[in-house]
Amino acid sequence: MEKTEPTAVALDSATVAFRLADGRVYTAVEQANFAVANGEFVAIVGPTGCGKSTLLNVAAGLLRPAGGAVRIFDKPLAGLNRDAGYLFQADALFPWKTAIDNVAIGLEIRGTPRAEALARAQKWLGSVGLGAFAGRYPHMLSGGQRKRVALAQVLIRDPKILLMDEPFGPLDAQTRQIMGNLLLELWTADRKAVLFVTHDLEEAIALADRVVIMSAGPSARIIGDWRITLPRPRDISEVRMEKDFHALHREIWSVLKDEVMTGYVQSTQAGAA
Ligand SMILES: Nc1ncnc2c1ncn2[C@@H]1O[C@H](COP(=O)(O)OP(=O)(O)OP(=O)(O)O)[C@@H](O)[C@H]1O
């Protein structure tokens, strides 16, 4: 009998609510169902404030859903998701540590001897194209270079799941594309499960195997799940010029666009959470 792969991340009817300062309860996400297979790259796209980061935090074990269940590799998640590495939009580098020390720290806190941690960190800096920048402090690096260090910092720990929250958000358009290609190259090498949050539908289609669309909040829901069958390997600048890419973009955007407007209005209204 064929052995079935475990599912890396599964949310079953996950509802997430926050208690506000005035005592009201704000339901951010309602009954979210989705799964990321082992080795699959899934992007979540939705309007501003719909709950994309909230879902990622649930998968990371940083937030407990008020209802529903979270399973990681088919086991209920209790506490932090130790199988996951998390890459945020904001830099999470230590300003007082050099690039190599920032990368090595991921191993050192696990007890890896310093010499070994440094050797592996140097290798990872090479993989992200920063082999010659090991001795630089974060303020001596560009935004794109800092992202590369952050990526190496996460990957050196070899997490089975990568959770990425608008990781390339603050970068200029060209650097975003370079980082996207670098991410795909590294991902192709050992196919981790990836959950990638972005508000950029083009980026999502270019990178992912599946694009999951959320509605505007409150009580945001998952309203679409598209399989992206564009061939790999992909160059994320070139894939955007293909006919199939445009067809997918048109189809998904037709569902997303009204939600984007609703989300924008919600986010500007006083009293919204
Ligand atoms: N700790 C909290 N307390 C109260 N409300 C919260 C809290 N965290 C998030 N929210 C609200 O939950 C909703 C979802 O937030 P979240 O950050 O997940 O959205 P998002 O889709 O990632 O947004 P963006 O695209 O703007 O980054 C928002 O309305 C937000 O204001």
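Here are a few questions and answers about this predicted model.

Residues are numbered from 1 along each chain as its sequence is written. Since this is a predicted model, local features need pLDDT of at least 70 and side-chain atom pairs count only at pLDDT 80 or more, while totals for chains, interfaces and linings use all residues.

Q: Which are the edge strands of the open sheet?
A: Strands here are DSSP runs (E, at least two residues; helices are H or I, at least four), numbered from the N terminus. Two of them pair if DSSP finds at least two bridges between them. The open sheet runs S2-S1-S4-S5 with antiparallel pairing. Pairing on one side only makes the edge strands S2 (25–37) and S5 (75–76).

Q: In S5, what is the bridge partner of Ile-72?
A: Strand S4 (residues 67–72) pairs with S5 in the antiparallel sense over 2 bridges. In S5, the partner of Ile-72 is Lys-75.

Q: Which element gives the most to the shell around the ligand?
A: S2 and H1 each supply at least two residues of that shell. The top giver, with 3 residues, is H1.

Q: Why is H2 called oblique to H3?
A: Axes are lines fitted to C-alpha atoms, for helices over the stretch in contact, with angles from 0 to 180 degrees between N-to-C directions. The axes of H2 (residues 99–108) and H3 (residues 114–127) come within 8 Å and cross at roughly 125°. Angles under 35 degrees count as roughly parallel, over 145 as roughly antiparallel, 65 to 115 as roughly perpendicular and the rest as oblique. That crossing angle is therefore why H2 lies, relative to H3, oblique.
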